[in-house]
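Dear colleague,

I am handing over the structure that follows, together with an account of what came out of going through it. Please read the account with the coordinates open beside you.

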Amino acid sequence: MGRMTYLWGDDAGDFRPERWLNNGVFQPQSPFKFIAFHAGPRICLGKDFAYRQMKIVSIALIHFFHFKLANETKQVTYKTLLTLHIDGGLPLCAVSRKTF
């Protein structure tokens with residue numbers, strides 16, 4: 001839809017970022033021209049469903065399993081990047097919770 005010539009002109013398929021500049025100043029277009037994004041931010045339409053599904057699976061795992069460190073003597077350290085990572089990963093053992 002972002003390549004419709006009646007919206008963007010005959011060169012709609014060409015990469016021309018300057019089409020949104022007017023004398024060097026950015027001129028935003030109507031968000032309704034980007035129909036695929038429903039006039040909102042460019043986010044995945046299934047994002048909310050995926051987060052909900054992730055929470056449901058997490059709850060089920062916590063309900064049916066008890067988690068413990070694979071090596072309880074290993075010191076857990078962090079690696080500072082753009083986001084905080086666990087250095088070397090975090091190997092876990094999942095032990096079934098017998099809830100019968």
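**Salt bridges**

Aspartate 87 has a relative accessible area of 36%, and therefore counts as partly exposed. Its partner in a salt bridge is lysine 79, with 3.9 Å between the closest N and O atoms, and lysine 79 is likewise partly exposed, at a relative accessible area of 38%. Because a salt bridge is counted here when the side-chain nitrogen of Lys or Arg is within 4 Å of a carboxyl oxygen of Asp or Glu, the 3.9 Å of this pair falls within the cut-off. Please keep in mind, here and throughout, that this is a predicted model.

Elsewhere in the chain, Asp11, Arg16, Glu18 and Arg19 are joined into one network by salt bridges that share partners. Within that network, arginine 16 meets aspartate 11 through their side chains, at 2.4 Å from N to O, and arginine 16 also forms a salt bridge with glutamate 18, where the closest N and O atoms are 3.4 Å apart. As background, side chains of opposite charge can pair when their charged atoms come close. Are these residues buried or exposed, or something in between? Arginine 16 is partly exposed, at 28% relative accessibility; aspartate 11 is partly exposed as well, at 22%; and glutamate 18, with a relative accessible area of 42%, is also partly exposed. For the structure as a whole, the search finds four salt bridges.

Arginine 19, which belongs to the network just described, has a further arrangement to look at, since its charged end sits over the ring of tryptophan 20, at 5.6 Å from the ring centre.

**The chain as a whole**

Stepping back, the protein chain contains two helices and six strands, and along the sequence these follow the pattern α-β-β-α-β-β-β-β. Of the 100 residues in the chain, buried residues make up 3%. The accessible surface of the chain comes to about 9000 Å², and 62% of that surface belongs to carbon and sulfur atoms. If one takes the contacts between residues at least 6 apart in sequence, 37% of them join residues that are at least 24 apart.

**A nonpolar patch on the surface**

Which residues make up the nonpolar surface patch? The patch, of about 890 Å², is made by Val57, Leu61, Ile62, Phe67, Val76, Tyr78, Leu84, Ile86, Leu90 and Leu92. Both α2 (47-64) and β5 (84-86) supply at least two residues each, and α2 gives the most, with three residues.

Two members of the patch can be followed further. Isoleucine 86 lies in strand β5 and is partly exposed, at 30% relative accessibility. Apart from its neighbours within four places in sequence, isoleucine 86 is in contact with Val76, Thr77 and Tyr78, and two of these residues, Val76 and Tyr78, are themselves named in the patch. The C-alpha atoms of isoleucine 86 and valine 76 are separated by 7.2 Å, although the two residues are 10 apart along the chain.

Phenylalanine 67, the other member, lies in strand β3 (residues 65-69), and its relative accessible area of 36% makes it partly exposed. The structure holds one aromatic pair, and phenylalanine 67 is part of it: its ring and that of phenylalanine 65 have their centres 6.4 Å apart and their planes at 45°, so the pair is tilted. Phenylalanine 65 is partly exposed too, at 30% relative accessibility.

**A backbone angle to look at**

Finally, I would draw your attention to asparagine 23, whose phi is near 55°, a positive value in a residue other than glycine. Most residues other than glycine have a negative phi. Where does asparagine 23 sit in the chain? Asparagine 23 is placed in the loop between β1 (21-22) and β2 (25-26), and at 77% relative accessibility this residue counts as exposed.

With best regards

Note on methods
Residues are numbered from 1 along each chain as its sequence is written. This is a predicted model: local features need pLDDT of at least 70, side-chain atom pairs count only at pLDDT 80 or more; totals for chains, interfaces and linings use all residues. Side-chain values use heavy atoms; hydrogens and water are left out. Helices (H or I, at least four residues) and strands (E, at least two) are DSSP runs, numbered from the N terminus. Buried means under 20% relative accessible area, exposed over 50%, partly exposed in between (1.4 Å probe, protein chains only). Contact means heavy atoms within 4.5 Å. Accessible areas come from the Shrake-Rupley method with a 1.4 Å probe; for residues, only the protein chains shown count as cover. Patches are made of residues with over 30% relative accessible area and no salt bridge: like charges are joined within 9 Å, nonpolar side chains (Val, Leu, Ile, Met, Phe, Trp, Tyr) within 5 Å. Rings of Phe, Tyr and Trp (its six-membered ring) pair if their centres lie within 6.5 Å; planes under 30 degrees apart count as stacked, over 60 as edge-to-face and the rest as tilted. A charge sits over a ring if NZ of Lys or CZ of Arg is within 6 Å of the ring centre and within 35 degrees of the ring normal.
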